[in-house]
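Q: I would like a close look at a single part of the structure below, with each cut-off stated where its term comes in. Please connect the local details to their surroundings as you go.

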Amino acid sequence: MTEIQKLTKQRDLVAAAFNAIESKSRNLAVNAEDDEKKQADAFGELLDFIQQTNIKLNKELFKLEEGE
């Protein structure tokens with residue numbers, strides 16, 4: 001894989017992670033609306049989702065760097 005292909009793949013992985021987080025955030029915000037309890041739960045769920053997405057992204061980026 002060329003360096004340009006690696007960079008393109010990295011960009012695509014980061015963009016996909018960002019889009020997933022943004023989509024999850026919007027869905028949670030719509031569901032929580034003005035309810036403080038739902039907002040707090042949604043915020044915690046979003047943080048968990050971001051952490052999980054970050055872990056998956058880092059694994060994929062590591063695989064890419066290792067040439068798998």
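A: Glu 33 follows helix 1 and has a positive phi, near 40 degrees; a helix here is a DSSP run of H or I with at least four residues, numbered from the N terminus. The model is a predicted one, in which local features need pLDDT of at least 70 and side-chain atom pairs count only at pLDDT 80 or more, whereas totals for chains, interfaces and linings use all residues. Residues are numbered from 1 along each chain as its sequence is written, and side-chain values use heavy atoms, with hydrogens and water left out.

Beyond Glu 33 comes the start of helix 2, where a side-chain oxygen of Asp 35 reaches to within 3.0 Å of the backbone nitrogen of Lys 37. At the other end, just after helix 2, Gly 67 takes a positive phi of about 85 degrees. Helix 2 itself covers residues 36-66, 31 residues in total, and spans 45 Å from its first C-alpha to its last, close to the 45 Å expected at 1.5 Å a residue; the expected span is 1.5 Å times one less than the number of residues. Helix 1, with 30 residues, reaches 43 Å by the C-alpha atoms at its ends, close to an expected 44 Å.

The two helices are joined through their buried residues, where buried means under 20% relative accessible area, exposed means over 50%, and partly exposed lies in between (1.4 Å probe, protein chains only). In helix 2 the buried residues include Ala 42, Leu 46, Thr 53, Leu 57, Leu 61 and Leu 64, and the buried residues of this helix pack against helix 1 (3-32), packing being judged by contact, that is, heavy atoms within 4.5 Å. From the other side, the buried residues of helix 1 are Lys 6, Leu 13, Ala 17, Leu 28 and Ala 32, and they pack against helix 2.

Which residues does Thr 53 touch, leaving aside residues up to four places away in sequence? Thr 53, which lies in helix 2, touches Ala 17 and Ile 21. Thr 53 counts as buried because its relative accessible area is 12%. A polar atom of its side chain lies 2.8 Å from the backbone oxygen of Phe 49; this is a polar contact, a pair of N or O atoms within 3.5 Å, for which, within protein, one atom must be able to donate a hydrogen and the other to accept it, residues adjacent in sequence counting only if both atoms are side-chain atoms.

Charged side chains also link the helices. A search of the whole structure finds five salt bridges, each defined as a side-chain nitrogen of Lys or Arg within 4 Å of a carboxyl oxygen of Asp or Glu. In one of them, the side chains of Lys 24 and Glu 45 meet at 3.0 Å, N to O. This pair links distant parts of the chain, with Lys 24 in helix 1 and Glu 45 in helix 2, 21 residues apart. Lys 24 is partly exposed, at 24% relative accessibility, and Glu 45 is likewise partly exposed, at 38%.

Other salt bridges stay inside one helix. Arg 26 and Glu 22 meet at 3.2 Å, N to O, and because they are four residues apart in helix 1, about one helical turn separates them. Arg 26 is exposed, with a relative accessible area of 54%, whereas Glu 22 is partly exposed, at 31%. In helix 2, Glu 60 forms a salt bridge with Lys 63, the closest N and O atoms being 3.3 Å apart, and these two residues are three places apart, about one turn of the helix. An α-helix has 3.6 residues a turn, so residues three or four places apart point the same way. Glu 60 is partly exposed, with a relative accessible area of 33%, as is Lys 63, at 35%. Across in helix 1 sits Leu 7, which is 53 residues from Glu 60 in sequence and 13 Å from it in space, C-alpha to C-alpha.

On the surface, Phe 43, Leu 47 and Ile 50 make a nonpolar patch of about 270 Å². Phe 43, found in helix 2, counts as exposed because its relative accessibility is 54%. Patches are made of residues with over 30% relative accessible area and no salt bridge, like charges being joined within 9 Å and nonpolar side chains (Val, Leu, Ile, Met, Phe, Trp, Tyr) within 5 Å; the accessible areas come from the Shrake-Rupley method with a 1.4 Å probe, and for residues only the protein chains shown count as cover.
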